Structure formats: C-alpha cells, structure tokens
Amino acid sequence: MNLQSQHQTQQKVKKTQPKTQPNQEPSLKGTFISVLLLGAFIVATWFGVFNLFINRG
Amino acid sequence: MHLHRYEKIWLMLGTGALALFIVILSVNAFAMGMTPPSHMEMIDPKKVDQTAPFDKPGLKKIGPNEYELVMVSFAFGYQPGNVEVPKGAKVTFITTSKDVVHGFQIPGTNVNTMVLPGHVSKITHTFDEPGKFLILCNEYCGAGHQIMATHVIVK
C-alpha cells in the first residue's frame with residue numbers, strides 16, 4: 001500500500017465514525033445519592049460496633 | 001483519565017472514611033493498648049503442668065487492685081474455678097490449653113479469645129460492677145463441651 005492510498009483509507013474511516021457530542025456527561029445524580037446512602041450506612045454501622053467495643057471495655 | 005465530578009466526591013469520601021477508620025484503630029492499638037488477645041507466646045502443650053506460670057495456676061496480685069489470673073483450660077473445665085476479685089479489679093487472664101482448642105468468653109464483655117494448645121492467650125478486663133460473671137467455652141471441644149464453664153465473682 002502506498003502512502004496516498006493509506007491516506008485515503010484514513011479519510012474514509014474518519015467519515016464513517018459516528019458523530020459524538022463533546023462535553024455531554026451522563027447524569028450521575030441517582031448514583032451519587034445511592035453511594036452516599038450506602039456510605040452513610042457503612043460509617044454508621046462501623047461506629048455502632050466500635051461504640052459497643054469501647055463501652056464493653 | 002476523565003472523572004465525573006460526583007465520582008471524584010465519592011472517591012474522596014470513601015478514601016477519607018477508610019483513613020479515619022485506620023487512624024482511630026491505630027490510636028486505639030498503639031496509644032491505648034486496645035489490641036486483640038495475644039497469641040504470641042508459645043508453650044509445649046504436653047508440659048503445661050510443669051511450665052511456669054501454669055505450674056501454679058491461680059490469682060496473683062500484681063498491683064493496687066490489679067491481678068493476674070493464670071488459668072489452665074482443659075476438657076472440660078478451667079483451673080482454678082470460681083475466682084473472687086474485689087470491685088474495680090483489673091484482671092489479666094492468662095490461659096492455655098492442655099488438650100484441644102477451647103474458647104474463653106465472658107458474655108457482655110470484650111473478653112473473648114480462642115485458647116489454642118501450644119499458645120498462651122492474654123486478655124485484660126476491668127470489673128467495675130459487682131456480680132457473678134460466667135466464663136464459658138465457645139469452641140466445641142468434645143462430649144462435655146456444654147458443661148465447660150466457671151465464674152468470676154466480683155464483690
């Protein structure tokens with residue numbers, strides 16, 4: 001394959017690529033709230049068990 | 001690598017929580033001496049009766065209202081049994097097993113350790129309230145496991 005035909009194929013590939021919209025992020029609001037709830041649960045149970053350990057000592 | 005703003009926040013919170021847990025546990029362990037029961041000391045399980053301090057099991061006063069209680073665990077009991085200590089006593093239990101794996105637990109307290117043959121288990125507890133505290137075996141050790149128990153009487 002010579003250099004010219006290689007260049008042509010690259011242009012072809014560029015043309016067939018789907019158009020992407022830049023700077024559009026997925027909304028992660030629901031995920032964020034779920035993660036915070038799970039985190040709060042883990043922290044609360046951790047301190048619950050830790051408190052039990054301290055009070056029994 | 002591109003990260004969503006929310007992803008950055010929850011990764012920071014998660015890492016922060018882990019760091020907080022480790023700091024609290026480290027302060028507890030290294031500054032306040034709240035470590036798990038020791039299994040660091042070794043002993044020949046066949047010669048428990050001849051090895052100090054287990055050749056003379058019992059309660060020993062080591063300071064003002066501070067005691068060491070050397071106990072031998074065996075199938076199915078503890079020697080000595082029914083020990084009396086005054087209220088507020090800080091008791092360090094030192095125990096080992098002559099035969100199989102036993103448990104050593106005082107329900108409602110942090111005293112809970114495995115007693116392995118060949119290892120010495122140490123655990124300290126301060127008895128602030130008077131009462132009769134049950135010591136029981138919580139590792140199945142044989143046909144008489146359910147009768148393996150004794151008491152600490154705090155007066």
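Student: Which residues are buried in H1(B)?

Tutor: Buried means under 20% relative accessible area, with exposed over 50% and partly exposed in between (1.4 Å probe, protein chains only). In H1(B), that applies to Tyr6(B), Trp10(B), Ala17(B), Phe21(B), Ile24(B) and Asn28(B). Bear in mind that this is a predicted model, where local features need pLDDT of at least 70 and side-chain atom pairs count only at pLDDT 80 or more. Residues are numbered from 1 along each chain as its sequence is written, and side-chain values use heavy atoms, with hydrogens and water left out.

Student: What do the buried residues of H1(B) pack against?

Tutor: They pack against H2 of chain A; contact here means heavy atoms within 4.5 Å.

Student: How do I describe two packed helices?

Tutor: You give the angle between their axes and the distance between the axes. Here, H2 (residues 29-56) of chain A and H1 (residues 5-31) of chain B pack at about 5°, axes 10 Å apart. That makes H2(A) roughly parallel to H1(B), a label for angles under 35 degrees, while over 145 is roughly antiparallel, 65 to 115 roughly perpendicular and the rest oblique.

Student: Which residues make the contact?

Tutor: Among them are Phe32(A), Trp46(A) and Phe50(A) of H2(A), and Trp10(B), Leu13(B) and Phe21(B) of H1(B).

Student: How many residues does H1(B) have, and how far does H1(B) reach?

Tutor: H1(B) has 27 residues and spans 38 Å from its first C-alpha to its last, close to the 39 Å expected, that being 1.5 Å times one less than its number of residues. Gly33(B) follows H1(B), with a positive phi near 70°.

Definitions and conventions:
Chains lettered and ligands numbered in written order. Axes fitted to C-alpha atoms, helices over the stretch in contact; angles between N-to-C directions. Helix = DSSP H or I, 4+ residues; strand = E, 2+ residues; numbered from the N terminus.
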